Every structure is written in C-alpha cells, then in structure tokens.
Amino acid sequence: MRSFMGRDILSLKDFDRHEYFRVFEVAKTLEPYARDRHNGDLLAHKTLVTAFYQPSTRTRLATEAAMHRLGGHVTGFSDAKMTRAGDFYQEGIQDTVKMLEYYGDVIAMRHFQQGAPAEAAVHASVPVINCGDGWGEHPTQVLTDMMTIYRERGTLDGLKWVLIGDMRMRTMHSISYALSKFDTQNYVIAPDEMYFLPEFEKEVTDMGFRFQRKEHIEQVIAEADVIYMEPVVQPDYTKARQEATDDKGRTPANYQVTKKLLFEKAKSDAIVLHSLPRQDELLQDVDTTRHQRYWVEAYNGVLMRMALLALILGAVE
C-alpha cells in the first residue's frame, strides 16, 4: 500500500480499493476523541491552513474540528474577499500557496475553479487536501459517505445505489469514481441538462462504473439500499459566491424524496445520504425517519478528516 504521509488528497480517481478501508480503520482508532468530545495531542506540533475561496459550513468546520480534536492548530481564511487573492490584487494560486506553505504543515483548499487544489499542490511543498473545486471533485465528502455506508451496512459490495440530482456536482463525480472500485448496482436520475458530461461518462464507465439511467425516483426506490442525493436547484459552482433569488425554482417530483414515498415504497433499511445544504428535494419530515443518515455524516465527517490528517502528517502509518 502506498504511504499516505505527505500525500495530496486531490481526487478519488487514483484511490485504490484497499485505501478506503485503511482510512476507515484509522478513523475507528481515533473515534474516541470525537465520541468523548476530547482533544488529544497527536498533532500537537502541527498546523492546518484552511484556504476557502468558496462558502462552506460542514467541510471547513469539520476539517478544523478534526485538527483541534487531534491537538493541532488552525489558521487560514474562509472568505477570499478578505484576502489579497480576492481584492484589487487578485493574487494567483501560485503566489498564495507559496506563502501559505510557510504558515502550516497541510493546506485544506476549497475553490470555485475546477483544478485549483491540484494547481496548488504543484507549487506547495506541503500536502494539499481538495475540499471541493468548482464542478470538479469533493474527495473528503465522498470518503465520509463511503465510510458511513460501510459502518451502517458492514460492506461496500452488493449494494444498490440510486444517485439522484445534478450529476455535474463534484460529489457526484467523486462518488462515481469511488463506486467504480466496488461491486454495486447503480441507478442515475437527473435532468438532461444536469446529466454527466459525455467525456466524464466515458471515463467512469471505462473505469468500471456501471449504471442504468431512470427518469423518476419512484421507478427504483423499492430496490435502493442507498439513496444518494444532491439538489437540482443549484448555484453556479464556478462562482465564488452566489446569492439566492426569489425565482430560483422548485424541485420536480422526479428528483424529490419524501417521508411518504419512503414509507410507502422504500426498503425498511434503505439509507438516505445528502451532503447538504438542501433545497426542497429532501423535505425536513425525512429527518425523523429510520432512513436518515445525513446527520450521522456530520459526525463521521470529523472522523474521516481526523484519519486523513493523521495519515498525511505521519502521526499514523
């Protein structure tokens, strides 16, 4: 197995099957810190730099919380407009990361430009973690998703997944790469204008990701072990920030999961995942059902990032 020490986490395209289970194993070992709400000292002499050029709630705070739980330090920014990268100077990625590498031992970056974390990794002498790059990928979120399913079901093979929502989303790209490593049956439900780009569809099918396309959630919900959701009412992820408008639209029933639908048609042990935030594709009445696991993901997201930080920074081999 390749060592994680000093490694950039940019994409799940090159993540081997056994590497998922290694990260899960380390997350389990470190879980007492999060479960008991106790900060240790495993990374007491290390500093995380967060460079978030795009809004984030869960990813940034979970990454920072993970570093704190392991006793490390955190510095960085969560609004590029308050930096020289976002004001008059519009400082480029290369110059910014060449400075940031002297301020910490690992950089966690979210950016509205696809490929920006990969560009940062070229210029930085410290590891870079991709925390979401435009319409590109979101590896730490999907590692969290996969760990959540593994902990719930005890396996990642032999499951039926329904991917529903905007297939252009970075999470949908990363989950497609991830599922290509496992024996799963997959269904995809998306509007035509939000379907996989042809070049991406070819790439993941060549990698072994097999799926059938369906038009309506009702066609496949009875078979689903995992319902993996993203909105179809979306902001433009190529922008640093986009404010809501009064006419942002509503989610058609094809792409909506409700308590009533789950009660009437879903398997009793079907699991609903959503990286959040949500619109009306996932109503709040689902929160109280046996199917909800997106709040569990919030906890698992800290575990996953603890594991990655500990591995990358050499505290665990």
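**Exercise 1. Classify the ring residues Phe196 and Tyr195, then describe how they pair.**

Step 1. Phe196 has a relative accessible area of 4% and is therefore buried. This value, like the others below, comes from a predicted model.

Step 2. Tyr195 has a relative accessible area of 14%, so Tyr195 is buried too. The cut-off for buried is under 20%.

Step 3. The ring centres of Tyr195 and Phe196 are 5.5 Å apart, with 50 degrees between the planes, and the pair is tilted.

Step 4. Tyr195 also has a charge over its ring: the charged end of Arg213 sits there, 4.0 Å from the ring centre. A second arrangement of this kind involves Trp135, whose ring has the charged end of Arg168 over it at 4.6 Å from the centre.

**Exercise 2. Determine the geometry of the pair formed by Phe21 and Tyr150, and state which parts of the chain the pair links.**

Step 1. The structure contains 15 aromatic pairs. In the pair of Phe21 and Tyr150 the centres are 5.3 Å apart and the planes meet at 65 degrees, so the geometry is edge-to-face. Edge-to-face requires an angle over 60 degrees.

Step 2. Phe21 belongs to helix H1 (residues 17-35) and Tyr150 to helix H5 (residues 139-153); with these positions 129 residues apart, the pair links distant parts of the chain.

Step 3. Phe21 counts as partly exposed because its relative accessibility is 25%. Tyr150, at 29%, is likewise partly exposed.

Step 4. Ring pairs place both residues in a cluster, together with Phe4, Phe15, Tyr20, Phe24 and Phe182.

**Exercise 3. Is Glu31 of helix H1 buried or exposed, and which residues does Glu31 touch?**

Step 1. Glu31 is located in helix H1.

Step 2. Its relative accessibility is 12%, so Glu31 counts as buried.

Step 3. With residues up to four places away in sequence left out, Glu31 touches Arg151, Tyr299 and Leu303.

**Exercise 4. Explain why strand S1 is largely enclosed, and list its strand partners.**

Step 1. S1 covers residues 47-52, and six of the six are buried, so the rest of the structure largely encloses this strand.

Step 2. In a regular strand, side chains alternate between the two faces of the sheet. For S1, one side carries Thr47, Val49 and Ala51, and the other carries Leu48, Thr50 and Phe52; all are buried, which leaves both faces covered.

Step 3. S1 runs parallel to strand S2 (residues 73-77), to which five bridges join it. In this pairing Thr50 stands opposite Gly76.

Step 4. S1 is also parallel to strand S3 (residues 106-111), again with five bridges. Here Leu48 stands opposite Val106.

Step 5. Helix H2 (residues 58-69) completes a right-handed β-α-β unit with S1 and S2.

**Exercise 5. Describe the burial of helix H6 and the surroundings of Ser180.**

Step 1. Ten of the ten residues of H6 (residues 170-179) are buried, so this helix is largely enclosed by the rest of the structure. Among them are Arg170, His173 and Tyr177.

Step 2. Ser180 lies in the loop between H6 and strand S6 (184-189). Its relative accessibility of 11% means that Ser180 counts as buried.

Step 3. A polar atom of the Ser180 side chain lies 2.5 Å from the backbone oxygen of Tyr177.

Step 4. Apart from neighbours within four places in sequence, Ser180 is in contact with Met207, Gly208 and Phe209.

Key
Residues numbered from 1 in each chain as written. Predicted model: local features only at pLDDT ≥ 70, side-chain atom pairs only at ≥ 80, totals over all residues. Heavy atoms only, no water. Buried < 20%, exposed > 50% of the residue type's maximum accessible area, 1.4 Å probe, protein only. Helix = DSSP H or I, 4+ residues; strand = E, 2+ residues; numbered from the N terminus. Polar contact = N/O pair within 3.5 Å; in protein donor to acceptor, adjacent residues only side chain to side chain. Contact = heavy atoms within 4.5 Å. Phe/Tyr/Trp six-rings, centres within 6.5 Å; stacked < 30°, edge-to-face > 60°. Lys NZ or Arg CZ within 6 Å of the ring centre and 35° of its normal. Pairing = 2+ DSSP bridges. Right-handed = clockwise from strand over helix to strand, strands pointing away.
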